[in-house]
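Visitor: Could you take me closely through one part of this model, the place where two helices pack against each other, and then show me what else belongs to that picture?

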Amino acid sequence: MTFDDGADAALARRAADGDDGAFTQLVGRHKDALYRLLRRYSGSSDEAYEVVQETFVAAWGALGRYDPARPFGPWLRTIALNKARDRARRGRLRSLVFGARPLDAEGADQVADPKQPADEALISLQQTQRLDRAIAALPDQLKAPLLLTAFEGCSQIEAGRLLGISAKAVETRVS
């Protein structure tokens, strides 16, 4: 999803000057896209929700360092991916120290589509869950470029800028 970068920059400037309403508007404009990215990144809806919250808290604290000449959305996605990586590292460390992670009720928040036959819905849900698990299991160096280009609509150049790598490196990692 693309937003008017000028409007985002103006809202960010107002928010940096203490306008809570401007920041609320930025959250409203970007929370769904961030959630989708982080849901695919982590494979967990609960974890994605928590990282979205952490992202906006960090963004609020860093608004003074935001450069309005640059697009707000990519700046926010960079923060989100860094938060997700940090959380994944902490989770790996926790599992080493305390053992396996508890099972979660993934998918319990989904509602069936009454227009779709139950067997087709189940197969679709299983395929989606399999895809989510496969993406979440990828190493970060492969996962982030894939999500940014295939699901977030970033060009290889944009994804490279976000990740601090070349467009060719993005192309290689996605292939």
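Guide: In this predicted model, helix 6, which covers residues 140-151, packs with helix 7, residues 156-163, at an angle of about 140°, and their axes lie 9 Å apart. Angles over 145 degrees would count as roughly antiparallel, so helix 6 and helix 7 are oblique to each other, and their crossing is right-handed. On the helix 6 side the contact is made by Ala-144, Pro-145, Leu-148 and Thr-149, which meet Gln-156, Ala-159, Leu-162 and Leu-163 of helix 7. Sorted by class, this contact of helix 6 with helix 7 holds six nonpolar and two polar residues, with no charged residue.

Two residues of that contact, Leu-148 of helix 6 and Leu-162 of helix 7, are also touched by Arg-77, a residue of helix 4 (residues 72-98). Arg-77 has a relative accessible area of 14%, and because under 20% counts as buried, Arg-77 is buried. Leaving aside neighbours within four places in sequence, the contacts of Arg-77 also include Glu-152, Cys-154, Leu-34 and Leu-37.

Leu-34 leads on to another pair, since this residue of helix 2 is among those that meet helix 3. Helix 2 (residues 20-42) and helix 3 (residues 45-62) pack at an angle of about 140°, with their axes 8 Å apart, and the crossing is again right-handed. Alongside Leu-34, the residues that helix 2 brings to this contact include Phe-23, His-30 and Arg-39, while those from helix 3 include Glu-47, Phe-56 and Trp-60. By class, the contact of helix 2 with helix 3 has 13 nonpolar, four polar and four charged residues.

Methods. Residues numbered from 1 in each chain as written. Predicted model: local features only at pLDDT ≥ 70, side-chain atom pairs only at ≥ 80, totals over all residues. Heavy atoms only, no water. Axes fitted to C-alpha atoms, helices over the stretch in contact; angles between N-to-C directions. Helix = DSSP H or I, 4+ residues; strand = E, 2+ residues; numbered from the N terminus. Parallel < 35°, antiparallel > 145°, perpendicular 65-115°, else oblique. Left-handed = near helix turned anticlockwise from the far one by under 90°. Contact = heavy atoms within 4.5 Å. Nonpolar A, V, L, I, M, F, W, Y, C, P; charged D, E, K, R; others polar. Buried < 20%, exposed > 50% of the residue type's maximum accessible area, 1.4 Å probe, protein only.
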